[in-house]
Amino acid sequence: MAGLTRRGRNKETAMGENGFYDRLRPRTDFAELVAEDCFAPVPADWLVGVADIVNSTGEIEKGRYKTVNMAGAAVIAAMMNAMQGRAFPFVFGGDGASFAVRQQDAGLARDALAAVRRWAQEAYGLDMRAALVGVSDIRAAGHDLRVARYATSQGVDYAMFSGGGLAWAEARMKAGNFDVPPAPEGTQPDLSGLSCRWANLRAQNGRILSLVVLPAPGGDLSAFAAVAHQVVEIADALNRGGHPVPETGPQAHWPPSGFALEAQARRAGASLLRREIELLGKSLVGWLLFKTGLRVGGFDPGRYTAQVSANADFRKFDDGLKMTLDCDVATCDRIKTVLKAAAATGAIQYGAFEQDEALITCFVPSALHQDHVHFIDGAAGGYARAASQIKSARSKAA
């Protein structure tokens with residue numbers, strides 16, 4: 001069942017063009033989203049865009065987890081810039097992303113996916129695949145695409161997906177169907193606002209647990225919902241629900257650990273070295289503001305870092321439950337015990353990957369507004385590693 005609405009921007013335009021989505025009431029209690037009655041069917045004439053990195057697990061094993069996350073978030077950044085502030089639902093998956101748009105925006109979506117595919121290869125040496133799938137095709141195949149909204153703060157709400165449609169679209173993409181080819185060589189997507197300047201977040205309670213919990217193929221969805229509710233309930237007992245970003249926000253460091261990746265995401269026109277130097281200069285100013293707390297113009301460093309935490313995407317429904325939790329050993333073991341028992345009954349499939357740190361990849365159209373978005377994943381592979389456990393279990397069972 002996840003994605004995002006940037007609240008407050010071009011609201012009148014969005015209401016006119018995406019009426020069904022904007023009429024959905026954002027939920028403020030994450031546990032409510034276990035219930036299917038929170039979700040509404042996406043219109044049949046809409047399209048689903050999906051993209052991911054080929055062999056992301058292998059890239060992560062080479063230590064390129066920040067690069068993989070940056071490429072996945074680039075899909076969302078390119079689409080958000082193409083949509084010019086208009087709301088649309090999407091989900092960040094760690095090594096990729098998915099979204100849904102109106103038929104009228106099919107050209108924008110296709111161009112953005114094609115451009116990001118080309119850029120990922122030329123800038124990072126990553127093989128990205130992408131597809132654009134009709135919601136009508138999803139339903140013709142016996143699946144559905146439903147969406148709900150979850151408000152993490154006053155500035156941001158995220159879209160949650162259910163129905164199995166995204167999973168089916170991703171499977172068809174991996175099979176080579178509905179392919180969106182890469183754009184011509186040298187094509188650069190508009191990735192303005194995409195950044196990864198924060199240092200990794202050390203676990204405060206023992207470990208960072210990345211969870212992916214899916215309904216078993218052909219299984220009872222009510223059984224999956226019961227397991228998901230139990231896991232969410234356990235996580236809610238943690239401080240701030242296991243949120244890996246401190247309430248006051250992450251700590252600023254200089255030079256930023258991901259500045260080279262961010263420089264490669266900036267539009268060409270200057271040499272990479274010059275882009276890196278410019279970025280280092282600007283980030284130094286930012287670091288000084290965060291260290292001193294000095295307010296400049298309308299920018300309040302303390303308020304901004306608190307918003308980073310409030311807006312962070314650390315739990316979602318994306319045809320299943322995905323969470324990145326900062327939890328103690330006992331809670332981690334309790335969650336895994338519940339999941340292992342549920343998997344033994346055939347109710348779910350799951351992956352649970354532990355690491356010492358979480359990482360943040362950001363999309364910040366403006367630091368002066370509160371609608372900046374921050375994607376959370378485990379810093380040693382996170383969701384991709386957890387998903388690979390599910391794939392391995394399926395292979396063994398086959």
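## Close-up views of a predicted model

**View 1. Strand β14 is covered on both of its faces.** On one side of β14 the residues Leu 321, Met 323, Leu 325 and Cys 327 are buried, and on the other side Lys 322, Thr 324 and Asp 326 are buried as well. The model shown here and in the views that follow is a predicted one. Because seven of the seven residues of β14 (residues 321–327) are buried, this strand is largely enclosed by the rest of the structure.

**View 2. Strand β14 pairs with β11 and with β13.** Strand β11 (residues 207–215) runs antiparallel to β14 and is joined to it by seven bridges, and within this pairing Val 213 has Leu 321 of β14 as its bridge partner. Strand β13 also pairs with β14 in the antiparallel sense, over three bridges, with Met 323 of β14 as the bridge partner of Arg 315. Three residues lie between the strands in the hairpin of β13 and β14, where Asp 319 takes a positive phi near 55°.

**View 3. An open sheet has four strands in the order β4-β5-β3-β6, paired in the antiparallel sense.** The edges of this sheet are formed by β4 (90–92) and β6 (128–134), and because each has a single partner strand, one side of each is left without a neighbour in the sheet. From one strand to the next, the twist averages 10°. Seven bridges connect strand β3 (residues 47–53) with β6 in the antiparallel sense, and Asp 52 stands opposite Arg 129 in β6.

**View 4. Helices α4 and α7 both meet the strands β3, β4, β5 and β6.** Helix α4 (residues 65–83) lies across β3, β4, β5 (96–101) and β6, and it runs at about 20° to β5. Helix α7 (residues 165–174) packs on the sheet and touches β3, β4, β5 and β6, while its direction makes about 55° with that of β3.

**View 5. Helix α11 has several buried residues.** In α11 (residues 301–311), the buried residues are Pro 301, Tyr 304, Thr 305, Gln 307, Val 308, Ser 309 and Asn 311. A general point helps in reading such a list: an α-helix has 3.6 residues a turn, so residues three or four places apart point the same way. The cover over the buried residues of α11 includes β8 (156–162), α10 (272–292), β12 (312–313) and β17 (373–378). At the start of α11, Asp 300 has a side-chain oxygen that reaches to within 3.1 Å of the backbone nitrogen of Gly 302.

**View 6. Aromatic rings pair with one another, and the count comes to 11 aromatic pairs.** In one of these pairs, the rings of Phe 30 and Phe 317 have centres 5.1 Å apart and planes at 20°, so the pair is stacked. Phe 30 lies in the loop between α2 (19–22) and β2 (40–41), whereas Phe 317 belongs to strand β13 (residues 315–317), so the pair ties together parts that are 287 residues apart in sequence. Both Phe 30 and Phe 317 are buried. The rings of Trp 119 and Tyr 124 have centres 4.7 Å apart and planes at 65°, so this pair is edge-to-face, and Trp 119 and Tyr 124 are both buried. Ring pairs also link Phe 88, Phe 90, Phe 92, Phe 99 and Phe 375 into a cluster.

**View 7. A charge sits over a ring.** The charged end of Arg 149 sits over the ring of Tyr 21, at 5.0 Å from the centre of that ring.

Methods
Residues are numbered from 1 along each chain as its sequence is written. This is a predicted model: local features need pLDDT of at least 70, side-chain atom pairs count only at pLDDT 80 or more; totals for chains, interfaces and linings use all residues. Side-chain values use heavy atoms; hydrogens and water are left out. Rings of Phe, Tyr and Trp (its six-membered ring) pair if their centres lie within 6.5 Å; planes under 30 degrees apart count as stacked, over 60 as edge-to-face and the rest as tilted. Helices (H or I, at least four residues) and strands (E, at least two) are DSSP runs, numbered from the N terminus. Buried means under 20% relative accessible area, exposed over 50%, partly exposed in between (1.4 Å probe, protein chains only). A charge sits over a ring if NZ of Lys or CZ of Arg is within 6 Å of the ring centre and within 35 degrees of the ring normal. Contact means heavy atoms within 4.5 Å. A polar contact is a pair of N or O atoms within 3.5 Å; within protein, one must be able to donate a hydrogen and the other to accept it, and residues adjacent in sequence count only if both atoms are side-chain atoms. Two strands pair if DSSP finds at least two bridges between them. Axes are lines fitted to C-alpha atoms, for helices over the stretch in contact, and angles run from 0 to 180 degrees between N-to-C directions.
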